[in-house]
Amino acid sequence: MSETLTASLARLPVTLRDIEAAAGVLAGSVKRTNFDRSRTLSDITGASLWLKFENLQFTATFKERGALNRLSALSADERRRGVIAASAGNHAQGVAYHAARLSIPATIFVPVGTPTVKIDNTRRHGATVIERGATLEEAAILATEHGRKEHLTFIHPYDDPLIIAGQGTIAIEMLASVPDLDVLLVPIGGGGLISGMAVAAKALKPDIEIVGVQAALYPSMYNLIKGQQLPMRGDTLAEGIAVKAPGRITSDVVRALVDDIVLVTEQQIEQALSLLITIEKTVTEGAGAAGLAAVLANEDRFRGRATGLVLSGGNIDTRLLASVLTRQLAREGRLTRLRFDIVDRPGQLAAVVAVLSNTGANIVEVSHQRIFTDLPAKAVLLEVVIETRDRSHLDSTIAALRAANIDVDVGGN
């Protein structure tokens with residue numbers, strides 16, 4: 001270990017010893033999730049990809065680790081009075097679940113618009129959930145004020161040494177299973193996960209590369225570390241890492257130990273999420289797919305390297321999940337909308353259907369519009385959604401329609 005790295009680790013408020021102590025607290029209460037190599041994803045990307053399935057925790061999120069470590073440190077009086085937290089959903093579930101296990105009253109503030117699945121799960125664990133604030137930062141301010149009035153202990157989602165130490169246990173488990181990892185790719189919101197993992201990983205294997213991943217719509221830590229001023233706006237699929245203001249402690253750790261931070265687009269996150277479902281048969285939320293999105297966007301950088309990814313959470317609304325999967329089918333040319341301007345007389349629809357049938361395309365939806373269209377009165381707007389095997393099959397289907405003198409406009413992919 002270099003003198004510079006040793007000095008950096010010594011100055012930080014979280015140590016490997018703290019993380020090892022947290023592992024003792026978590027033993028038997030938090031699942032030691034599988035860390036498996038994905039042969040298919042490795043073949044696709046050219047990297048040797050290892051997946052840490054934190055989406056398979058009881059609450060479907062790694063946040064359990066830090067929450068339990070922090071709650072276990074409360075005094076008897078603090079436990080009696082209860083705790084309060086602010087969260088976009090996953091920290092809320094971790095706090096609510098383990099607070100209930102430890103018989104600690106819990107109140108959780110979540111931003112308006114937090115996915116319903118996360119709110120429902122938090123309430124199911126017995127916590128009082130209050131939806132306030134347009135952003136996580138606003139919800140945190142309101143939670144702090146409420147906690148001060150009610151004398152509740154605030155459990156910070158990321159900027160707390162005990163929280164950070166709890167999250168760092170993931171890296172200990174990963175390196176214990178696969179000591180020769182070259183890279184860790186870790187999603188960054190407030191920075192608690194990557195801070196804990198960086199401390200543990202750099203202490204155990206100084207030459208390992210730590211790369212953070214942020215959604216391009218919310219590059220808060222990226223801006224801070226790289227001195228940029230990229231805008232933060234909009235609704236990201238990775239709402240779990242949509243944090244506008246990273247923590248003070250976590251920023252210091254990231255600056256000292258993290259080698260790089262990369263940004264991923266919404267389309268890249270959607271593609272990664274879809275691949276994890278179709279190939280690994282595992283459901284992640286947007287933040288949980290961020291690491292794989294980074295590999296897909298930077299294949300040359302990670303080719304041939306043993307790369308550990310954290311599937312950090314699996315709490316995604318089913319309606320949103322369905323939308324993501326359908327959009328990905330469209331991008332791959334497997335689901336397509338065709339538009340036809342046809343003459344309004346018997347047999348025209350049958351002619352289109354006959355060609356589609358002969359090519360083996362599956363008709364998913366048909367819209368036959370006479371009224372709400374600008375076409376001439378003797379014409380009909382026909383829209384057909386078809387399913388094809390791949391883009392090559394789609395191309396041959398379009399060619400067959402045109403060979404039959406049927407004009408077609410292609411959209412939806």
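Select L257 in this predicted model and display what surrounds this residue. Beyond its neighbours within four places in sequence, L257 is in contact with L5, S8, L9 and L12, and also with A198, V199, K202 and I210.

Next, widen the selection to the largest nonpolar core, which has 40 residues. L257 is among those with the most contacts inside this core, together with M174, L181, L184, M197 and I210. Colour the elements that each supply at least two residues of the core: the helices α1 (3-11), α2 (16-26), α9 (161-177), α10 (192-204), α11 (220-226) and α12 (248-257), and the strands β7 (183-187) and β10 (306-310). Apart from this core lies another, of 35 residues; to find that second core, select V183, V213, I269 and I277, which are among its members.

Now move to the open sheet of four strands, in the order β12-β13-β11-β14, where the pairing is antiparallel. Which strands stand at the edges? They are β12 (362-369) and β14 (409-411); each has a single partner strand, so one side of each is left without a neighbour in the sheet. Direction ignored, neighbouring strands here are turned by 20° against each other on average.

Zoom in on β12 and β13 (residues 379-387), an antiparallel pair joined by seven bridges. Within this pair, select I363 and look across to I386 in β13, which stands opposite.

Finally, show helix α17 (residues 348-359), which packs on the sheet and touches β11 (335-343), β12 and β13. Compare directions: that of α17 makes about 145° with that of β11.

Methods: Residues are numbered from 1 along each chain as its sequence is written. This is a predicted model: local features need pLDDT of at least 70, side-chain atom pairs count only at pLDDT 80 or more; totals for chains, interfaces and linings use all residues. Side-chain values use heavy atoms; hydrogens and water are left out. A nonpolar core is a set of buried Ala, Val, Leu, Ile, Met, Phe, Trp, Tyr and Cys residues joined through side-chain atoms within 4.5 Å. Buried means under 20% relative accessible area, exposed over 50%, partly exposed in between (1.4 Å probe, protein chains only). Contact means heavy atoms within 4.5 Å. Two strands pair if DSSP finds at least two bridges between them. Axes are lines fitted to C-alpha atoms, for helices over the stretch in contact, and angles run from 0 to 180 degrees between N-to-C directions.
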